[in-house]
Amino acid sequence: MNTSELFSLIPLMMVGGGILILIPVAAWKRNFQLAFAISTTTIIFDLAFIFIKGSCIKVDRASMLFKTDACALFFIGFFAFLALGVLLISYEYLKNFPGNKEEFLILILLGTLGGMVLAASNHFASFFLGLEILSVSLYGLIAYFGRQPHLEAGVKYLILASASSAFLLFGVALNYAQCGRLIFSGYGLPLIFVGLFFKLALVPFHLWTADVYEGAPAPVTAFIASISKGAVGVFLLRYIAQGSMNSQLVWITIAIVAIASMFVGNACALLQNNIKRILAYSSIAHIGYMMVIIYLFKNYGDVGGIRLSSIMFFYLIIYTLTNLGTFGIITAYSRWNQEMASLDDYRGLYWKQPVSAMFFTIFLFSLAGMPLTAGFVGKFLIFSAGIWSQCWWLLLILVVNSVVGLYYYLRIILTMSQEAEGRLVPLPVRLPVPLLISLGLMLSAILYLGIRPDSLLHWIQYFSQSLYSR
Amino acid sequence: MLYLLLLIPLMPLLGFIILTFAGRRLPQSTAGMIGCGSVGLAMLSAFSLILGFFTRHPEGHDINQVYWTWLRAGGFSADFGLYLDPLSLLMVLVVTAIGFLIHIYSLGYMAEDEGFRRFFAYMNLFVFSMLVLVLADNLLLLYLGWEGVGLCSYLLIGFWYQDPANGRAARKAFIVTRVGDTGMAIGLFILFYQFGTLNIQSILHRAPNNWVMGSSIAFVVAVLLVMGAVGKSAQLPLQTWLPDAMAGPTPVSALIHAATMVTAGVYLIARTHPIFLLSPAAMHLVAVIGTITLLLAGFSALVQSDIKRVLAYSTISQIGYMFLALGVGAWSATMFHFMTHAFFKALLFLGAGAVIHALHHEQNLFRMGGLKEKLPVVYFTFLAGAASLSALPLISAGFYSKDQILWNVFSLPQGNYLLFAGAILGAFLTAIYTFRMVFLVFWGTARTEVSRLPGRTMTVPLVILAVFAIAVGLIELPRTMGNFSLFGNFMQSVFPKNAVEHGPISPELLVQLLSSVVILSGLYAAYELFVKNPQKLAALLSRPLIKQIHLFWFSGWGFDWLYNLLFIRPLLFFVRINKEDAVDKIYSGIADISCQLNRLLLRTQTGRIRWYVLASVAGAILFLALAVSL
């Protein structure tokens, strides 16, 4: 490994370095403010490095394990941005926890590192490492506060994720048996799909989602919904772009999974009374929409692939941003010993806290795909890709599902505007500053991308090409 | 320069955003400053554009600036682009300048209102939408502005929403204009379908090549556009909403329902005039609509007792003149009358507002009187506005613009004697009802005590507007007196030349003399009936037939009654019997299926790990089975 290759790995190593500083700090002298400062600074430096020096990274492949092309760099930076958002929303949530708080930050950084590794992996070894770093930190994070619902969700996630990892490893082993190497190829694909679809929560591997979303602490749910899902999504696209996917089976599988996820996700969310569960089911449906884009890859070679990849990336980016925003709002009203997730808790939010209700409404509008939010542009791009591919039956299902999906988002908004009789838990009078910063970042990103999507699409189109440069 | 253009609509938008989100925390003075300042800055940018406009673009006179692309799919692309030519520059100048003065005026007028911040937020949003509407370079953005001003009109008519009547008036305005908007939207769809682009200029350039003169497609599109214009500009048959729209605060009536928004229809037709030129029948339709409307509204204005409703009917009537001018192809004259009308009508509304304000929300003409001494500034400025509205010869701006319309109707080939006679009769009516108002409000004996005097924020805009209402006519003088054509030269790059310039001068002089005589006799008639011999009027009104006509005119020719009978009742009837039709079944079916599916699928959420693992294994087996079988 030469210097320029080493240089190209700095974005990953910086996060690792931050963790290495945090561990002795936590062991030697506990100080939450200090630890928080170190973790946010690490992330900000990482972002700044990618922003300023990213163009100096010229090698596409840092080693056998990692790709550091434009796509990987972008998503490393994007996950750093999301991690910053998660850190900022969890500050107030953690502050009054009587136990050790510093490890929570370490686990967040560790999980982020796992996601970054996934985004850059070019080899099954690095892929599996990244995935496990991500998952293992999540086990810790979900059960971190040790209350009964946390523990239940943590154990569920642990067992089910391990089971899915077993499938995945078996698929990797088959791949090795066939190729003699651990590079991406189409062998063992069904089993690898089982592992990936579990992480993405696609039907029929989705059953954990609602329970874990509900049981996990709100900032951790935000982490799962943004970084964890995003990293696996990026990897899936990279895998599809690289692996040989010419067998008919793949497409049938994807179509079945996409349709089932859309229907199951939307149908289950309809009559829920817990906002976290609603959002869990809505995430199943949204990943289903993304699988529609993946299905459209069927008919196209590299040129169409670049276009479809950029649509998928765009959708993934705005979806994770929006999710972080929505869970940020839930975090604002929750503390480690008290989750405010019931729909009834939000009755009358418009009258008591108009600003955060407005934020929440815009995030939900974006999830529902209302114009002038980024969510609309995402849906629009999927529709345009579907029309372009003349895949009418899948589009019809997508339209029906979008309409059904509108119901439960509007239901939340309606509940917020209803008259409340002292229902709202009298938690914060005004939102804490770090949380507001995070929410403001997400909101402005969503609105800006809703009005000027071309600014981001331009970038994505550029780095999507690197996916296909073999 | 190019970003200055973007700044014009952006400033009021920014004001709106600040006032919406931070309004409640700002002190009233700051909120007012933001509300006025944003429009003031937009006005300054607009004025600074004039200079650059003439110096940098000697030829062509237009700037088209595309800032970004919102959506693109296949051949379709929706841009955010602004287009500035003399027509839109004129609109921008009028909207921002009058808008600014009215904002200043509102500082005083709304000072004691609870909804002060909300008011300025809506007003800023209105100015933004109106500017987008006139500056848009494509149909989508134009439609955004078009609907935006409609929304603001709705919000501001119903500004005092605690009174259900105001809410009803707001809904009426919204729904009636919606009828026109539907037609307009279809027209825009046809334009897009025919030309494959949303860009207005390229559509207008290609229209004469793609469509033959007098073709039915041009007629259909033009009529659909007229539908939208008729709704927005309160012309027959969709004029019924405007008198009721006076339920909003008076500055709103001045800005939205007199000076700017209601002329959006005029702007739309002027903007798309190449399409109308391809369809003489549609143009004739516009002229006929204008003439009938100006007469009907003129008669109704004669008998109203509410000062704002008189002004509302006079607005309908004056826009009728603009439609008439559009219909005969007098494009430049239309825009000239639009400009003078914006000044004097805003002035009249603000003057009326000052009177209403002083008399503690008294709007009935017959309970006013004798205000000449108590409110001298209001009186003299109102007199200037009234002179301009009734087009008093030589000394008012309204004379020059109305005279140009009359002369064009008389001399252009599209005009005819019937239209001309209507326009002359309209001028007579205008003089009567205008001075009826002046005499009833300011002359005679006082019937209500003046409770407060207008402050400086209210009188200064009145004086400025009064100066304009008198003097702005001087930028365009007819051939009979000076032949000075600054305005016409400014507009000539937008509109085709019309043929009146040549030929003998004497007929034009004759038309001017005729209209002067008619207007002065109208003035005298008003004096005779309302000052000198009021008992004569009372005797006239006591006759049963006259009484019936009076009532008929008072109710706006019974249109509300007619529409209620023809449309609203049958519609409500059909709604009642057709509450659950087959179309609904599809949607309620989807909802039912979804709910069933929900119940079914929630059974899978047992919360037990062994069941979850089982589902995963089943999925894996399915995948493997697929892999083996194919």
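The legends below describe close-up views of a predicted model. In this model local features need pLDDT of at least 70 and side-chain atom pairs count only at pLDDT 80 or more, while totals for chains, interfaces and linings use all residues. Residues are numbered from 1 along each chain as its sequence is written, chains are lettered from A and ligands numbered from 1 in the order in which they are written, and side-chain values use heavy atoms, with hydrogens and water left out.

**View 1. Surroundings of Ser464(A) in helix α19 of chain A.** Helix α19 covers residues 453-468 (helices are DSSP runs of H or I with at least four residues, numbered from the N terminus). Ser464(A) is buried, at 0% relative accessibility. Buried means under 20% relative accessible area, exposed over 50%, and partly exposed in between, with a 1.4 Å probe and protein chains only. Apart from neighbours within four places in sequence, Ser464(A) is in contact (heavy atoms within 4.5 Å) with Ile306(A), Ser309(A), Ser310(A) and Phe313(A).

**View 2. Ile330(A) in helix α13 of chain A.** Helix α13 spans residues 302-333. Ile330(A) has a relative accessible area of 0% and is buried. Beyond four places in sequence, Ile330(A) is in contact with Ala218(A), Ile275(A), Lys276(A), Leu279(A), Met340(A) and Tyr346(A). The C-alpha atoms of Ile330(A) and Leu110(A) are separated by 23 Å, and these residues are 220 residues apart along the chain.

**View 3. Arg271(B) and its polar contact with Asp85(B).** Arg271(B) belongs to helix α11 (residues 264-271) of chain B and is buried at 4% relative accessibility. The side chains of Arg271(B) and Asp85(B) are joined by a polar contact of 2.9 Å. A polar contact is a pair of N or O atoms within 3.5 Å; within protein, one must be able to donate a hydrogen and the other to accept it, and residues adjacent in sequence count only if both atoms are side-chain atoms. With neighbours within four places in sequence set aside, the residues in contact with Arg271(B) include Tyr83(B), Leu87(B), Val134(B) and Ile200(B).

**View 4. Leu566(B) in helix α25 of chain B.** Helix α25 runs over residues 559-577. Leu566(B) is partly exposed, with a relative accessible area of 48%.

**View 5. Two cysteines of chain A, Cys71(A) and Cys391(A).** Cys71(A) is buried at a relative accessible area of 0%, and Cys391(A) is buried at 9%. Over all chains, a search of the whole structure finds 0 disulfides (pairs of cysteine sulfur atoms within 2.5 Å).

How values were computed
Helix = DSSP H or I, 4+ residues; strand = E, 2+ residues; numbered from the N terminus.
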